[in-house]
Amino acid sequence: MLFPVYCILLHSLLLSGVLGHILGISPEPFEKKLFISNTVVTETEQFPGGVLVDENGTIEAVLKKENMDLLLRSDKSNNWKIIDGGDWALMAGGVDTHVHVNEPGRTSWEGYVTATRAAATGGVTTIIDMPLNSIPPTTTLENLKIKANMAKEEVFVDVGFWGGVVPGNEEELQDMVDAGVVGFKCFLINSGVSEFPYVTPEDLEKAFAYLNGTGTVLAFHAEVQVGEETPECEGPECPNPVLYDTYLASRPDIMEIEAASFIASNLHKTDVHVHVVHVSSAGVVPVLEAARDQRIKSGYNGWRGGVTAETCNHYLTLSSEQIPPGHTEFKCAPPIRNNTNKAKLWEYIRDHRLDLVASDHSPSVADLKGANFLKSWGGIASVQFDLSLFWTQAKARGHSLNTLSHYLSAGPARLCGLQDKKGSLRSGLDADIIFFDPNASFIVAPELIRYKNKISPYMNSILTGKVMQTYVRGQLVYSDGEIIGGPKGQLLVNYDY
Ligand SMILES: *[C@@H]1O[C@H](CO)[C@@H](O)[C@H](O)[C@H]1NC(C)=O
Ligand SMILES: *[C@@H]1O[C@H](CO)[C@@H](O)[C@H](O)[C@H]1NC(C)=O
Ligand SMILES: *[C@@H]1O[C@H](CO)[C@@H](O)[C@H](O)[C@H]1NC(C)=O
Ligand SMILES: *[C@@H]1O[C@H](CO)[C@@H](O)[C@H](O)[C@H]1NC(C)=O
Ligand SMILES: [Zn+2]
């Protein structure tokens with residue numbers, strides 16, 4: 001069914017090229033580009049061919065080889081620059097919908113320059129910044145503008161923003177929707193930072209009422225406190241906080257499953273698309289599926305029932321059994337669980353029962369880590385390694401590059417309503433493109449890391465799949481180990497910033 005579309009496009013391309021030639025119209029002042037590869041990878045197909053990009057960095061056509069050759073032969077004026085990746089796969093750049101940039105306010109943890117350079121290096125061409133860990137948090141229109149103002153001169157890839165839902169900010173939500181936040185995030189449990197309190201059932205009721213009908217997404221950190229919070233234990237009889245299992249036991253699956261059930265039980269109150277971020281416990285998935293089945297089936301950018309779930313590369317890569325005592329670079333919330341759970345998450349990926357994969361890039365300074373799993377900051381920074389982490393695991397399980405594109409580009413773009421701009425190789429979309437060598441491998445080492453604090457549970461690991469070049473809206477931003485030129489990213493907001 002795609003062939004006629006290519007034909008029409010090809011026809012108009014040939015016409016405009018030939019006419020331009022006959023009439024002697026001089027070439028466009030900006031460069032048109034033709035990206036070529038033996039393996040063009042879309043969400044569903046792989047073929048030799050190319051991607052034609054107009055002078056504004058928009059994809060003009062995705063061409064199979066025979067059509068591309070025809071075009072090359074017919075239009076001798078050839079006023080486009082050819083970029084031939086050979087055997088490197090040509091794919092849509094990654095879209096990472098879960099990145100904590102932390103600037104302003106906690107800029108020693110991370111900032112726009114370092115986070116977006118890391119993203120570009122890892123083939124992630126769009127990041128969506130989480131509303132918390134910066135000061136101020138993105139909980140008002142004013143705060144959104146403060147953050148966007150910090151970011152505007154500094155970004156090497158495109159950056160969108162989540163807003164936050166916190167107690168008492170319901171009057172701000174519509175203004176933030178209008179300003180272009182991709183959705184909102186809230187917590188059902190302590191967030192770890194005091195300026196971003198969690199919502200009670202009453203707060204949530206208000207948020208649902210205010211957001212109803214806006215077409216936005218409300219994303220949940222879905223863990224709830226189950227039973228009484230256990231008082232801090234001090235003394236020789238206490239479980240050893242240097243052991244990972246002590247931390248794991250403090251955040252059991254039931255906290256996630258109860259949170260998912262709570263969300264499900266509230267869905268009749270709103271038409272808002274709800275999304276669960278960073279699912280760790282596989283037990284969450286059937287609960288959300290049941291909720292989805294109860295709901296109206298249409299709308300929501302095509303997400304059935306408007307209930308979606310993401311998991312993260314650390315849950316798909318790591319398991320509790322392998323975490324050595326004192327290694328708090330493995331700490332995140334919800335926690336990394338056992339091998340059985342990880343295998344189950346991969347089953348859900350295979351069966352399309354999870355919707356997308358994100359990094360939950362959540363860095364901090366080394367001083368906040370330390371050897372105590374109960375006291376350490378929880379968060380893993382990995383935006384730079386998203387694609388390679390996923391591909392290392394996926395390839396070993398027999399998945400194709402289409403799976404990578406589906407879960408790390410198209411899925412996340414659609415979550416944020418960006419499916420007509422980002423996340424796929426399709427005419428009319430931004431030419432956010434990578435060349436990816438699926439067979440190359442590399443070792444994670446501090447000198448490769450471009451995010452600010454060079455802490456990683458993957459240090460010294462071998463990853464398969466290497467991003468060779470990254471283009472944002474047709475412009476080269478990363479090539480073979482180097483960031484190219486200055487910041488070329490744009491902010492995905494609806495006002496002139
Ligand atoms: C590129 O952008 C300019 C300015 O917005 C516009 O006039 C032009 O038509 C665009 N070119 C294409 C091929 O869309
Ligand atoms: C990667 O390896 C596969 C299988 O050996 C091969 O078919 C493919 O051409 C290789 N791709 C690249 C980019 O080297
Ligand atoms: C939510 O909005 C829809 C229209 O989008 C409306 O039909 C429904 O009654 C509203 N629900 C509530 C609880 O306000
Ligand atoms: C893995 O964890 C689940 C609970 O999260 C538990 O029921 C199961 O017994 C564990 N499996 C192993 C092999 O430890
Ligand atoms: Zn997070």
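This passage describes the salt bridges, the surroundings of one ligand, the cysteines and two serines of a predicted model.

Residues are numbered from 1 along each chain as its sequence is written, and chains are lettered from A and ligands numbered from 1 in the order in which they are written. Because the model is predicted, local features need pLDDT of at least 70 and side-chain atom pairs count only at pLDDT 80 or more, while totals for chains, interfaces and linings use all residues; side-chain values use heavy atoms, with hydrogens and water left out.

The structure contains 20 salt bridges, a salt bridge being a side-chain nitrogen of Lys or Arg within 4 Å of a carboxyl oxygen of Asp or Glu. One of these pairs joins D158 to K422, with the closest N and O atoms 2.6 Å apart. D158 belongs to strand β8 (residues 158-161), whereas K422 is in the loop between α13 (401-415) and β15 (433-443), so this pair ties together parts that are 264 residues apart in sequence. Helices (H or I, at least four residues) and strands (E, at least two) are DSSP runs, numbered from the N terminus. Both partners are classed by relative accessible area, for which buried means under 20%, exposed over 50%, and partly exposed in between (1.4 Å probe, protein chains only). D158 is buried, with a relative accessible area of 0%, and K422 also counts as buried, at 1% relative accessibility. The D158 and K422 pair is part of a wider arrangement, since D158, K421, K422, D430, D432 and R473 are linked in a network of salt bridges.

A further salt bridge is formed by R337 and D253, whose closest N and O atoms are 3.9 Å apart. R337 is located in the loop between α10 (313-317) and α11 (339-350), and D253 in helix α8 (residues 253-265); the pair therefore ties together parts that are 84 residues apart in sequence. The two ends of this bridge fall into separate classes: R337 is buried, with a relative accessible area of 5%, while D253 counts as partly exposed at 34% relative accessibility. The side chains of D420 and R426 also meet in a salt bridge, at 3.2 Å from N to O. Here D420 counts as exposed, with 57% relative accessibility, and R426 counts as partly exposed, with 36%.

Ligand 2 is surrounded by D87, D437, P438 and N439, where a residue is near a molecule or strand if one of its heavy atoms lies within 4 Å of it. A polar side-chain atom of N439 is placed 2.4 Å from an oxygen atom of ligand 2. Taken alone, ligand 2 exposes 360 Å², and the protein buries 37% of that; accessible areas come from the Shrake-Rupley method with a 1.4 Å probe, and for residues only the protein chains shown count as cover. The shell around ligand 2 consists, by class, of one nonpolar, one polar and two charged residues. In this classification Ala, Val, Leu, Ile, Met, Phe, Trp, Tyr, Cys and Pro count as nonpolar, Asp, Glu, Lys and Arg as charged, and the others, Gly among them, as polar.

A search of the whole structure finds one disulfide, defined as a pair of cysteine sulfur atoms within 2.5 Å. This bond is formed by C233 and C238, whose sulfur atoms are 1.9 Å apart. The link of C233 and C238 is left-handed, with -90° about the S-S bond. C233 counts as partly exposed at 43% relative accessibility, whereas C238 is buried, with a relative accessible area of 13%. For C186, the closest cysteine sulfur is that of C416, 15 Å away and too far for a bond. C186 is buried, with a relative accessible area of 0%. C332 is likewise in no disulfide, the nearest cysteine sulfur being that of C312 at 7.6 Å; C332 counts as buried, with 2% relative accessibility.

Two serines complete the description. S409 lies in helix α13 and counts as buried at 3% relative accessibility. The side chain of S409 reaches the backbone oxygen of G93 at 2.9 Å, a polar contact being a pair of N or O atoms within 3.5 Å; within protein, one must be able to donate a hydrogen and the other to accept it, and residues adjacent in sequence count only if both atoms are side-chain atoms. S427 is found in the loop between α13 and β15 and counts as partly exposed, with 36% relative accessibility. The C-alpha atoms of S427 and G163 are separated by 30 Å, the two residues being 264 residues apart along the chain.
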